[in-house]
Amino acid sequence: MSATRQPSLQPQETTSIDTPDAPREGGRSILGRIGSILGKWDGDVARILILLVIVVVIGIVAPSFLSMASWLALSQTTTLVALLALGQTFVIVTGGIDLSVGAVMACSAVVGAVVMRGMYASGSDMTITVLAGLATMLVVGLVAGLVNGLVITKLKITPFIVTLGMLSVATGAMNLISGGAEVVGLPPVLGTIGNQVIGGWLTVPVIVTIVLAVVAAIVLTRTRFGLRSFAIGSNSGAARRAGINVDRHLIRIYMLSGLFAGIAGFLLTTRFVSASPMAAQGMELLSIAAAVIGGASLSGGRGSVLGTIIGALIMSSLQIGLIIAGVQSFWQTIAIGIITVAAVFGDQLRIKFAGERP
Amino acid sequence: MSDPDRVVLKVEGVTKHYGHVQALRGVDFEIRAGEVVGLVGDNGAGKSTLVSVLSGAAAPTAGRITFEGEDVSLSDPSHARDLGIETVYQDLALALDIPIWANLFLGRERRARGLWGLLGFLDRRGMIREAEEELKTTRIRIGSVRARTSALSGGQRQAIAVARAVSRGSRFVLMDEPTAALGVEQQHRVGELVQSVAERNVPVLLISHNLPQVRELCDRVLVMYRGRIVADLDPKVESVETIIGWITGSALEGQL
């Protein structure tokens, strides 16, 4: 490498550690700057374009897709998937996986609903009843996450197995508590929270999801917690040797995922003013798919909130769009499977051809 | 602290057993301020185990370690780092998906001032600026410290790992094969870094297979053989052949 250099003429050059493949700042020209901005965003730009194509194509095939009614249906599905996927993104960034998010969401909804049903029947104050239900759901989510995190870090069992176990435990527990039936008889004010349309297009679940997504994005990119999540997912041994308490961090990560599941459980309850033990089926896979379509790497160290949200939108647009277009519902599942694999393949190609983006 | 000849690290009778395997069979040596000491030995001689013990990754089975005049039990790597014992690991211990500046501050991220800091926000600008300055003073050139660490070449990664260990508040630097993946020119650069550390009176223990480099950089060479330090040589006097004789054990047999 240094053979062609002349040390005597360029002492500064030759004593510095410098190789031809050194990454350079995007050039100072306008073109260079645009290039470096695109370099940072190209993945999400591609994802937004794919989302637009899906929306436009379905809109052409079935114009009613571009209506408010269809947006409201779409937002209901998207908010739940997106909330679970936000927690999932943190987990995946650390190199883990949480298969229990759907079951924990449904379990927390059922437990909280049972609490609310009891309080409502005994004539408690409506606001207190709803707040008690919400608090119960958040606690159920946090406890499930705490157990996941403790078993993963202290018993050293892989996240896949632990959260698969939690999926089963939470499903069983919720069926025991609800007797396997939908929990009804809840305060009707819940329906107002879940379905009241604000300003034509916004609903409470949509606002909650947007706010939490912004908070999650800030935490992931601007705080020590976020940076350490990437560091742990990238090289947990290095993080440990750098003095980071990896176990404590991972426990917090799984608790965060459980907390998002609890919040999703509450929004789910407000939608139908009931809690159904059947509601969670397949949600864990949708949340993982959203994160992965959004550019998260299951081997850890990569992932973004914006990508995950776009991923959730892509999947639910496809789902609702195909229903509205009158395609048999089984095709949706096939389409989601294909698009997940295709998205990961496309990301790999993009990274390969664009080189490692800074 | 100012005495340039004071003993910084003293290791006495340190042993380490892994089940029936005796990796260290009683290691004794001391390192003084500002010394660059080479540690050589064949594969399996116990060098890596000794590094693990000194960096806090593995507890010794028996023996005594004195650092800056105080008995220490290096219970874990962060404890060793708190004492000022910095290690450049053979695998570099870099998180490749995070920016270069973040690796330089890994485990010691600086928070923003005031309320934002309490909320866990990072002082990104401050850390980025300081990372740039550090790399400038060590004359390591890597383009932008904002780049993802995976964008660096093997040599650049090694340079970052070395820079992280030598840059801040280190009182003793342990280097496990710091130049194994480097080209000639970069090896030379790491050598300069090692010497600049020693000039600050911070001792360096350099584990290396590269005997010419050891002879060039080190004030003393410790040779490990079957879990013990069997020779303490002056590399300016002893030839490479003599050192190899000690490494293979033939010099030892000659003595007996």
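This is a dialogue on reading helices, contacts and burial in a predicted model.

Student: What should I know about the numbering and the model?

Tutor: Residues are numbered from 1 along each chain as its sequence is written, while chains are lettered from A and ligands numbered from 1 in the order in which they are written. The model is predicted: local features need pLDDT of at least 70, side-chain atom pairs count only at pLDDT 80 or more, and totals for chains, interfaces and linings use all residues.

Student: How many helices and strands does chain A have?

Tutor: Helices (H or I, at least four residues) and strands (E, at least two) are DSSP runs, numbered from the N terminus. Chain A has 14 helices and two strands.

Student: At what angle do H4(A) and H5(A) pack?

Tutor: Axes are lines fitted to C-alpha atoms, for helices over the stretch in contact, and angles run from 0 to 180 degrees between N-to-C directions. Helix H4 (residues 101–121) and helix H5 (residues 126–154) of chain A pack at about 150°, their axes 8 Å apart. That makes H4(A) roughly antiparallel (over 145 degrees) to H5(A).

Student: Which classes of residue make the contact of H4(A) with H5(A)?

Tutor: Two residues are in contact if their C-beta atoms, placed from the backbone, lie within 7 Å. Among the residues that meet are Val104(A) and Tyr120(A) in H4(A), and Thr129(A) and Ala144(A) in H5(A). Ala, Val, Leu, Ile, Met, Phe, Trp, Tyr, Cys and Pro count as nonpolar, Asp, Glu, Lys and Arg as charged, and the others, Gly among them, as polar. By class, the contact of H4(A) with H5(A) has 15 nonpolar, six polar and no charged residues.

Student: Why does Ala343(A) count as buried or exposed?

Tutor: A residue is buried if 20 or more other C-beta atoms lie within 10 Å of its own, exposed if 12 or fewer, and partly exposed in between. Ala343(A), in helix H14 (residues 330–354) of chain A, has 22 C-beta neighbours inside 10 Å and therefore counts as buried. Leaving out residues up to four places away in sequence, Ala343(A) touches Val292(A) and Ile293(A). Of the 358 residues of chain A, 47% count as buried.

Student: Where do the buried residues of H9(B) lie around its axis?

Tutor: The arc is that of the directions from the helix axis to the C-beta atoms. In helix H9 (residues 240–248) of chain B, the buried residues are Ile243(B), Trp246(B) and Ile247(B). They cover an arc of only 100° around the axis, which puts them on the same side of H9(B). Just after H9(B), Gly249(B) takes a positive phi of about 95°.

Technical notes:
Parallel < 35°, antiparallel > 145°, perpendicular 65-115°, else oblique.
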